[in-house]
Amino acid sequence: MAVHYVLEEKDVPEGGRVIVNVQGREIGVYRIGGLFYALYNYCPHQGAPLCEGIVCGTTMPSDVYAYEYGRAGEIVRCPWHGWEFDIKTGRSLVSGRIRARSYPVELRDGKIGIVMKG
Amino acid sequence: MTDLGKVIDVDVHNEQNDADLVPYLPEPWRSRVARSGVGYSYSGYYSPVGVMRRDALPPGGGKAGSDPDLIIRQLIEPYNVEYAVLTGVVYNISTTHDPDFAAAICSAYNDYLIAEWLGKHPAFKGAMAVATQDPQLAAREIDRIGGHPDIVEVIISSAARAPLGQRQFHPIYEAAERNGLPVALHPGAEGAGSATAPTAAGYPTWYIEWHTCLSQMFMAHLVSMVCEGVFEKFPRLKVVLVEGGMAWLPHLMWRLDKNYKALRSQVPWLKKLPSQYIREHCYLSTQPVEEPDNPQHLVDLLNMVDAENMLLYSSDYPHWDFDPPTVLKRMSPEARRKVMYENARQLYRL
């Protein structure tokens, strides 16, 4: 495992997203509630640039005709087909079997490090 | 992405602002559109993901699909697209109420398409739009524009006032056949204006239902075209069902053939099994490709009706349900080559 320090914490404002290139791989770095998350900029459905999608909330599972809005700022929607992914885990909201690749993040001296193999 | 082989994309939506059509319109339509816009009627169904691919908005502003350079950079070059049929969106005018205005908008668009798009890149070929409210006017427009070397197709809306095989629409097919052009049906305005309800059961509540049920519209039009004898009257006519789905085709062929065996006397002008007319005259575009959990199931289903000879790859760029030409990977290499390229090359004589 290697930690690639690619950004300063101040580069990513709260609710923001920055796409960086780490060893030829595009990665979206998000800041939610003061914590940082990293997602591969590649949708597992058809390969769209996932991290170019909007960051939003969504309607949570609910009773019929009831609407419960939640997860504000924690969901990214693929810019092609609108599939919703949990930014914190990369999981699709529809199926646990569908995941966008996510990477652990380490912070050191105000820098954001992305943990990758090699 | 160079391992994809050659690609022809039969559904690419170029867009324009209403004001772009103004110079191509005669009065009284010119001042009307300059003042109030075209005024399409829309289905009224809201999509939570929008209708456009979010990464297809031109950086300099404007609508997705309005910048030829971005289409070239985002679609034509990366996917090795040899030809792209520009389908526009103007066919949607067929759900408005005034036949003369709808025809004028289509004529203006066709002149605009030829003047401002088709020369922009050698890959660009054009689908000329006609409105279905007055098929005689549509036929006149096909005769006016259809001979242009870069016009490869006539496109009409699948949202219509009646099943499109009926006799009042035949002048469109007659003119298309006369000009050697396939006729494409494209959805988008189902349920809008003076069109029929968007599903067989009426008006659903949400876009997810509306979009899923678009296939019903294509099934109904296809059955109508076969039974009304369109392909007997116009034996050289080809029809392209764009964006209406594929997986229903075996069901429809089997059910219609079965019924024909009992009910043939009602449509005595048919000389062959209905499925035979469909195989000989019809093409289906691939997008939005059905996605069963096991992708092989779709290929198995398509193989049951030799669909490799009837399918044409389409991306629907820049719309939200875009498919890249990496779909249908489970098809055999030879079948896939036909679907991605060869069927369209022959149909459009490219």
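The lining of the largest pocket draws at least two residues from each of β5 (55-59) and β6 (69-77) of chain A and α7 (207-212) and α8 (214-227) of chain B. Helices (H or I, at least four residues) and strands (E, at least two) are DSSP runs, numbered from the N terminus. The model is predicted: local features need pLDDT of at least 70 and side-chain atom pairs pLDDT 80 or more, while totals for chains, interfaces and linings use all residues. Residues are numbered from 1 along each chain as its sequence is written, chains are lettered from A in the order in which they are written, and side-chain values use heavy atoms, without hydrogens and water.

The largest pocket has a volume of about 1700 Å³. Its lining counts 45 residues, and the closest to the pocket centre are B:Pro48, B:Val49, B:Tyr207, B:Ile208 and B:Trp320. A pocket here is an open set of points on a 1 Å grid where a 1.4 Å probe fits, with protein on both sides within 12 Å along at least five of seven lines; lining residues have an atom within 4 Å of a point. The volume is the space filled by probe spheres set on the points, which are joined across faces, edges and corners.

Two spans carry domain annotations from unreviewed UniProt entries, and such annotations may be inferred rather than shown by experiment.

| UniProt annotation | Residues | Distance between end C-alpha atoms | Helix | Strand |
|---|---|---|---|---|
| domain: Rieske | 4-114 of chain A | 5 Å | 0% | 47% |
| domain: Amidohydrolase-related | 78-350 of chain B | 21 Å | 40% | 12% |

Chain A also has an open sheet of three strands in the order β1-β10-β9, with antiparallel pairing. β1 (2-8) and β9 (105-108) of chain A stand at the edges with a single partner strand each, so one side of each has no neighbour in the sheet. Neighbouring strands of this sheet are turned by 35° against each other on average, direction ignored; the axes are lines fitted to C-alpha atoms. Two strands pair if DSSP finds at least two bridges between them. β9(A) and β10 (residues 111-116) of chain A pair over four bridges, and A:Arg108 stands opposite A:Lys111 in β10(A).

In chain B, B:Thr326 sits in the loop between β8 (311-312) and α13 (333-347). B:Thr326 is partly exposed because its relative accessibility is 27%, between the limits for buried (under 20%) and exposed (over 50%), with a 1.4 Å probe and protein chains only. Leaving out residues up to four places away in sequence, B:Thr326 touches B:Leu4 and B:Arg336, where contact means heavy atoms within 4.5 Å.

Conventions
Axes fitted to C-alpha atoms, helices over the stretch in contact; angles between N-to-C directions.
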